[in-house]
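This report addresses selected side-chain contacts, charged pairs and pocket features of the structure shown below.

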Amino acid sequence: LAKEGLSVRFSDSKDESILAPVIESSFITECDGMVDRQGNSRIWIMDCRKGLADSKNLQLAADWFVSVLDQQNIDQIVVKGYGAYLLVGSILVTSYKTIRAGIIRESSKGYDTNSLIEGSLDYRKPVLLVDDILNSGTSCKSALTVLKNSGFKKINAAFLMKFSLGMNGAVELQKRGVQNITHAMEVLNK
C-alpha cells in the first residue's frame, strides 16, 4: 500500500495483527485493462471478495464482526452486496450465541413474500449492517432505505475497511440515521 501512496490505520492494534492477511490478499496492483467508474485506468484496487474467498481470511473477518456484535449487544446482522455475501454465513457459524441474519435483495422476486429482505430479522430489534468496504456509501445507503421502509429504527454499521480518499460514506450514513459506525481499518492518502 505504501508503494501506491496509501497508508492503513487500524482502529485497534490487535486488529492489525489479526486482519493484515485480509488486506494483503485483497490489494491488487496488476490492473491491466481495469478502469474506475469514470473510465480512468486503475493502478490498484482493493477487492475483498478475493481476500475473503480464502477460508483463513474469512474466519479472521468473521471473528472481528462477532466481537463488534458483542460490544454493541446486537444479535442480528444484515448484508447487501457481493463482498458481504461471503461474510454473512461465516459470522452466523462463528458466533457463540444465536444471531439472526438477513440479505437485502436488489429487487423483490415478484412472488411468495415479495420482500426485499430475505432471512429472519426482527425490525423491533437493533441490526448491524455488515459490509467489507465503506467508500462512498452507495450500497449501504440503499440498504438503509430498505431497512427503514421495513420498520427498522436502530441501525448500526460495521466494515472491515473504510476508505478516506475523498468520498466520505461514513458522513452520509450518519446523516441517514446510522447510530454507530465501526471499522477495523481506514485506508488514507499518505
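## A buried polar contact

The side chains of Asn156 and Gln72 are joined by a polar contact of 2.8 Å in this predicted model. Asn156 belongs to strand S8, which spans residues 155–164. With a relative accessibility of 4%, Asn156 is classed as buried, because the limit for that class is under 20%.

A second buried position is Val187, whose relative accessibility is 0%. Val187 is part of strand S9 (residues 181–189). Its C-alpha lies 5.8 Å from that of Ser7, although 180 residues separate Val187 and Ser7 in sequence.

## Asn73 and its backbone angle

Asn73 sits in the loop between helix H3 (55–72) and strand S4 (76–79). Although Asn73 is not a glycine, its phi is positive, at about 55°. The relative accessibility of Asn73 is 64%, so the residue counts as exposed.

## Asp36, a buried charge without a salt bridge

Asp36 is located in the loop between strand S2 (27–28) and strand S3 (45–46). Asp36 is buried and has no salt bridge. Why does Asp36 have no salt bridge with Arg42? Arg42 is the nearest side chain of opposite charge, but it is 5.2 Å away, and a salt bridge requires a nitrogen of Lys or Arg within 4 Å of a carboxyl oxygen of Asp or Glu. The side chain of Asp36 does, however, reach the backbone nitrogen of Gln38, at 2.9 Å.

## Salt bridges

Side chains of opposite charge can pair when their charged atoms come close. In this model the count is eight salt bridges. One of these is formed by Asp70 and Lys97, with 3.7 Å between the closest N and O atoms. The two residues lie in distant parts of the chain, 27 residues apart: Asp70 is in helix H3, and Lys97 is in the loop between H4 and strand S5 (100–104). Both partners are partly exposed, Asp70 at 29% relative accessibility and Lys97 at 27%.

Lys80 and Glu106 form another salt bridge, in which the closest N and O atoms are 3.6 Å apart. Lys80 is in the loop between S4 and H4, and Glu106 is in the loop between S5 and strand S6 (117–119), so this pair ties together parts that are 26 residues apart in sequence. Lys80 is buried, with a relative accessible area of 10%, whereas Glu106 is exposed, with 64%. Asp122 and Arg124 likewise meet in a salt bridge, at 2.9 Å from N to O. Here Asp122 is buried at 12% relative accessibility, while Arg124 is exposed at 65%. In addition, Glu172, Lys175 and Arg176 are joined into one network by salt bridges that share partners.

## The largest pocket

Rolling a probe the size of a water molecule over the atoms shows where empty space is left. The largest pocket has a volume of about 1200 Å³. Its lining comprises 32 residues, of which Arg37, Arg42, Met46, Ile133 and Asn135 are the closest to the centre of the pocket. The elements that contribute two or more residues to this lining are S3, helix H2 (48–52), helix H4 (82–94), strand S7 (127–134) and helix H5 (138–149).

How many residues of each class make up the lining of the largest pocket? There are 13 nonpolar, ten polar and nine charged residues.

Terms used. Residues numbered from 1 in each chain as written. Predicted model: local features only at pLDDT ≥ 70, side-chain atom pairs only at ≥ 80, totals over all residues. Heavy atoms only, no water. Helix = DSSP H or I, 4+ residues; strand = E, 2+ residues; numbered from the N terminus. Buried < 20%, exposed > 50% of the residue type's maximum accessible area, 1.4 Å probe, protein only. Lys, Arg positive; Asp, Glu negative; His and termini not counted. Polar contact = N/O pair within 3.5 Å; in protein donor to acceptor, adjacent residues only side chain to side chain. 1 Å grid on protein atoms, 1.4 Å probe; cavity = no way out; pocket = protein on both sides within 12 Å on 5 of 7 lines; lining within 4 Å. Points joined across faces, edges and corners; volume = space filled by probe spheres on them. Nonpolar A, V, L, I, M, F, W, Y, C, P; charged D, E, K, R; others polar.
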